[in-house]
Amino acid sequence: MLKSVFLAFIFITGYSGIASATTWSVGPGKLHKKPSAVAAFVKNGDTVLIDAGIYSQDVCLWRAHHLYLSGVGGKAHLKAEGKAYGQKAIWVIQGDPP
């Protein structure tokens, strides 16, 4: 009986037990101006949409798994200008790919 009630709950509510992914928008005219502004907040399965533009000295670490990063309206140019995260790269990606 309890199993039937639980299955009915899942069917009616659409509950999947998985937190929904967030889409983050990044760009000069957005709340988050640079990709590094959201890097610490993204969770597994999130999407980061990065507006076309030049992002200078914006280095960061991406830890989330199955993260989708995409340019919007053209290319996002990442200019290191001598900066590197952990003396490695502009972006260091530790999460598993999508």
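## Aromatic pairs, core and buried acids in a predicted model

Among contacts in the protein chain between residues at least 6 apart in sequence, 46% join residues at least 24 apart. The model is a predicted one, and its protein chain has two helices and five strands, which follow one another along the sequence in the pattern α-β-α-β-β-β-β. Of the 98 residues in the protein chain, 22% count as buried.

**The nonpolar core**

In soluble globular proteins, nonpolar side chains tend to be buried together. In this model the largest nonpolar core has 12 residues in all, namely W24, V26, V38, A39, V42, V48, I50, Y55, C60, W62, A64 and L67. At least two residues of this core come from each of β1, α2, β2 and β3, and β2 gives the most, with three residues. One member of the core, A64, touches V42, K43, N44, G95 and D96, when residues up to four places away in sequence are not counted.

**The aromatic pairs**

The structure holds two aromatic pairs. In one of them, the ring centres of W24 and F41 are 6.5 Å apart and the planes stand at 25 degrees, so this pair is stacked, the cut-off for stacking being under 30 degrees. The pair links distant parts of the chain, since W24 belongs to strand β1 (residues 23–26) and F41 to the loop between α2 (36–39) and β2 (47–56), 17 residues apart. W24 has a relative accessibility of 17% and therefore counts as buried, the limit being under 20%.

In the other pair, the rings of W62 and W91 have centres 5.3 Å apart and planes at 75 degrees, so the arrangement is edge-to-face, for which the angle must be over 60 degrees. This pair also links distant parts of the chain, with W62 in strand β3 (residues 60–62) and W91 in strand β5 (residues 91–93), 29 residues apart. W62 is buried, its relative accessible area being 0%, and both W24 and W62 are listed among the residues of the largest nonpolar core.

**Two buried aspartates without a salt bridge**

Two acidic side chains, D46 and D58, can be described in parallel. D46 lies in the loop between α2 and β2, whereas D58 is placed in the loop between β2 and β3. D46 is buried yet has no salt bridge, and D58 is likewise buried and without a salt bridge. A salt bridge requires a side-chain nitrogen of Lys or Arg within 4 Å of a carboxyl oxygen of Asp or Glu, and the nearest side chains of opposite charge are given below, together with the polar contact that each aspartate makes with another side chain.

| Aspartate | Nearest side chain of opposite charge | Polar contact with side chain |
|---|---|---|
| D46 | K43, 7.3 Å | W24, 3.0 Å |
| D58 | K34, 4.9 Å | S36, 2.3 Å |

The polar contact of D46 is made with the side chain of W24, which is the tryptophan of the stacked pair with F41. Leaving aside residues up to four places away in sequence, D46 touches A21, T22, W24, H66, L67 and Y68. With residues up to four places away again not counted, D58 touches K34, P35, S36, I90 and W91, so that its list includes K34, the nearest side chain of opposite charge, and W91, the partner of W62 in the edge-to-face pair.

The C-alpha atoms of K79 and D58 are 7.6 Å apart in space, although the two residues are 21 apart in sequence. K79 lies in strand β4 and counts as partly exposed at 41% relative accessibility. Residues touched by K79 are I54, Y55, S56 and Q57, not counting residues up to four places away in sequence, and of these Y55 is one of the residues of the largest nonpolar core.

**Positive phi angles outside glycine**

H66, which is among the residues touched by D46, has a positive phi of about 55 degrees although it is not a glycine. H66 is found in the loop between β3 and β4 (68–79) and is partly exposed, with a relative accessible area of 43%. Q87, also not a glycine, has a positive phi of about 55 degrees; Q87 is placed in the loop between β4 and β5 and counts as exposed at 79% relative accessibility.

Technical notes:
Residues are numbered from 1 along each chain as its sequence is written. This is a predicted model: local features need pLDDT of at least 70, side-chain atom pairs count only at pLDDT 80 or more; totals for chains, interfaces and linings use all residues. Side-chain values use heavy atoms; hydrogens and water are left out. Rings of Phe, Tyr and Trp (its six-membered ring) pair if their centres lie within 6.5 Å; planes under 30 degrees apart count as stacked, over 60 as edge-to-face and the rest as tilted. Helices (H or I, at least four residues) and strands (E, at least two) are DSSP runs, numbered from the N terminus. Buried means under 20% relative accessible area, exposed over 50%, partly exposed in between (1.4 Å probe, protein chains only). Lys and Arg count as positive and Asp and Glu as negative; His and the chain ends are not counted. A polar contact is a pair of N or O atoms within 3.5 Å; within protein, one must be able to donate a hydrogen and the other to accept it, and residues adjacent in sequence count only if both atoms are side-chain atoms. Contact means heavy atoms within 4.5 Å. A nonpolar core is a set of buried Ala, Val, Leu, Ile, Met, Phe, Trp, Tyr and Cys residues joined through side-chain atoms within 4.5 Å.
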